[in-house]
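Subject: Structure for your review

Dear colleague,

Please find the structure below, together with its sequence. My notes on what was found in it follow, and I would ask you to read them with the structure open.

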Amino acid sequence: MTRLLIVYHTRTGGSRQMAEAAFNAAKAECETQLQTASETSPEDMLSADGYLFVAPENLASLSGEMKEFFDRCYYPLLGNIEARPYAQLICAGSDGENAVRQLARIAKGWRLKEVQPATMICTHAQTEEQILAPKTIPEDELKTCADIGAALAAGLSMGMF
């Protein structure tokens with residue numbers, strides 16, 4: 001059976017909601033595991049057939065916790081996960097482009113295969129109070145996350161990637 005691993009980090013809840021929406025849809029298509037970045041190990045990555053990375057953009061880059069996950073897992077996985085499919089969801093206060101580019105460069109180093117263009121959900125949080133506040137992602141945007149999770153899992157299950 002194929003296995004999708006969804007790795008996420010959140011500080012204010014937005015990325016968690018996005019990851020959970022993707023997870024709930026994906027688990028109907030294939031074995032799916034949802035884990036925080038801090039609890040995900042290289043062994044977890046090795047045991048998966050594909051990945052969905054869900055992260056917030058903080059200060060125009062990936063959140064530190066998500067970056068720490070990549071830093072910790074990068075070299076142990078280098079040369080061991082080539083051509084595995086991945087997609088990414090980014091929760092951003094404004095545009096998310098730098099986080100997307102940063103994650104894509106890491107995935108390129110691992111030689112992962114992007115199978116879905118990055119999706120960015122914008123919370124429009126611009127003030128300190130808005131940035132630090134718990135987030136609520138609108139249902140239509142959670143539906144987009146669910147569709148991406150389901151499509152990635154279905155593609156894995158059918159051997160499309």
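A residue is called buried when its relative accessible area is under 20%, exposed when that area is over 50%, and partly exposed in between. His9 has a relative accessibility of 9%, so it counts as buried. Please keep in mind throughout that this is a predicted model.

His9 and its surroundings

His9 sits in the loop that runs between strand S1 and helix H1 (14-26). Setting aside neighbours within four places in sequence, His9 is in contact with Ser15, Ala37, Val54, Ala55, Pro56, Ser63, Glu65 and Met66.

Arg3, Glu31 and Asp44

The structure contains six salt bridges. One of them joins the side chains of Glu31 and Arg3, with an N to O distance of 3.8 Å. Glu31 belongs to strand S2 (residues 31-36) and Arg3 to strand S1 (residues 3-8), so this pair ties together parts that are 28 residues apart in sequence. The two partners are covered to unlike degrees: Arg3 is buried because its relative accessibility is 7%, whereas Glu31, at 37%, counts as partly exposed.

Asp44 also deserves your attention. This residue is located in helix H2 (residues 42-46). Which side chain of opposite charge is nearest to Asp44, and how far away is it? The answer is Arg3, at 4.9 Å. A salt bridge requires a side-chain nitrogen of Lys or Arg within 4 Å of a carboxyl oxygen of Asp or Glu. Asp44 is therefore buried yet without a salt bridge. The side chain of Asp44 does, however, reach the backbone nitrogen of Ser41 at 2.9 Å. Apart from residues within four places in sequence, the contacts of Asp44 are Arg3, Leu5, Gln35 and Glu39.

Two salt bridges within helices

In helix H3 (residues 64-77), Lys67 and Asp71 are four residues apart, which is about one turn of the helix. These two residues form a salt bridge, and their closest N and O atoms are 2.5 Å apart. Lys67 is partly exposed because its relative accessible area is 27%. Asp71 is likewise partly exposed, with a value of 46%.

A similar arrangement is found in helix H6. There, Lys143 and Asp147 are four residues apart, so about one helical turn separates them. Their side chains meet in a salt bridge with an N to O distance of 2.8 Å. Lys143 has a relative accessible area of 48% and is therefore partly exposed. Asp147, at 40%, counts as partly exposed too.

Gly155 and the nonpolar patch

Helix H6 covers residues 139-158, and Gly155 lies in this helix. Is Gly155 buried or exposed? Its relative accessibility is 1%, so Gly155 counts as buried. Not counting residues up to four places away in sequence, Gly155 touches Met160 and Phe161. These two contact partners, along with Met158, form a nonpolar patch on the surface, and the three residues together have about 330 Å² of accessible area. Phe161 is found in the segment after H6, and this residue counts as partly exposed because its relative accessibility is 32%. As a further point of orientation, Gly155 and Gln126 are 29 residues apart in sequence and 37 Å apart in space, from C-alpha to C-alpha.

Two alanines with positive phi

Finally, please look at the backbone of two loop residues. Ala60 has a phi near 65°, which is a positive value in a residue other than glycine. Ala60 is located in the loop between strand S3 (50-58) and strand S4 (61-62). With a relative accessibility of 42%, Ala60 counts as partly exposed.

Ala83 also has a positive phi, near 70°, and is likewise a residue other than glycine. Ala83 belongs to the loop between H3 and strand S5 (85-92). Its relative accessible area is 47%, so Ala83 is partly exposed.

I hope these notes help you to find your way through the structure.

With kind regards

Conventions:
Residues are numbered from 1 along each chain as its sequence is written. This is a predicted model: local features need pLDDT of at least 70, side-chain atom pairs count only at pLDDT 80 or more; totals for chains, interfaces and linings use all residues. Side-chain values use heavy atoms; hydrogens and water are left out. Buried means under 20% relative accessible area, exposed over 50%, partly exposed in between (1.4 Å probe, protein chains only). Contact means heavy atoms within 4.5 Å. Patches are made of residues with over 30% relative accessible area and no salt bridge: like charges are joined within 9 Å, nonpolar side chains (Val, Leu, Ile, Met, Phe, Trp, Tyr) within 5 Å. Accessible areas come from the Shrake-Rupley method with a 1.4 Å probe; for residues, only the protein chains shown count as cover. Lys and Arg count as positive and Asp and Glu as negative; His and the chain ends are not counted. A polar contact is a pair of N or O atoms within 3.5 Å; within protein, one must be able to donate a hydrogen and the other to accept it, and residues adjacent in sequence count only if both atoms are side-chain atoms.
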